[in-house]
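Reader: I'm new to this and would like a close look at one part, the nonpolar core. Could you walk me through it slowly?

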Amino acid sequence: MMTFWFAMSMTTAAQAFCFNEAGAIYQIDPTLLKAIVQQESRLSAKAVNTNRDKRGRVLSVDDGLMQVNSTHIPRLQKMGVLRHPEDLLHQPCLNVKIGAWILAHHLRACGVNWACLGSYNAGFHPRHEKKRLHYAQQVYAHYWPVVSGDRRTP
């Protein structure tokens, strides 16, 4: 029994380290990264989502904790960050760092604000403004109770 609890505490410490490290590298609040992970994957490192068009054709796939979209894979491989797309599912810390890197690019493009944060999920197209704001509200609902110390949903 003692071994189980020790292993669990190591996992929690390792998870905290991943968020803290990614946050430090990309100057993003680690609590915000955790809130995004809660919204994106419900904390499941093995989460996979297939994005399809109206005809059912696969457009892209989102993988892992931060639901990193497959459109980023060629660039990540060229940069030497990923060897295989499966790394997004098998290396949770790497997934968090890549998600933070993507988010940092978005925040540089449109500013540090909740609407821009929504572009992580909905992209930049003007017709997706409502979707961006809805996503930002969902992330905020995970974020605010932690940073405010109020565990009730706002």
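Before we zoom in, how many helices and strands does the protein have?

Author: Sure! A quick note: this is a predicted model, where local features need pLDDT of at least 70, side-chain atom pairs count only at pLDDT 80 or more, and totals for chains, interfaces and linings use all residues. Residues are numbered from 1 along each chain as its sequence is written, and side-chain values use heavy atoms, leaving out hydrogens and water.

You get eight helices and three strands, where helices (H or I, at least four residues) and strands (E, at least two) are DSSP runs numbered from the N terminus. Of the 154 residues, 34% are buried, meaning under 20% relative accessible area with a 1.4 Å probe, protein chains only.

Now the core. A nonpolar core is a set of buried Ala, Val, Leu, Ile, Met, Phe, Trp, Tyr and Cys residues joined through side-chain atoms within 4.5 Å. The largest one here has 31 residues, and Leu 33, Ile 36, Met 66, Ile 98, Leu 103 and Leu 117 have the most contacts inside it; a contact means heavy atoms within 4.5 Å. Several helices give two or more residues to this core, including H1 (2-26), H2 (30-41) and H8 (129-148). The top giver is H5, with nine residues.

Pick out Leu 103 and see who it meets: leaving aside residues up to four places away in sequence, Leu 103 touches Ile 28, Leu 33, Ile 36, Leu 117 and Tyr 120.

Key. Buried < 20%, exposed > 50% of the residue type's maximum accessible area, 1.4 Å probe, protein only.
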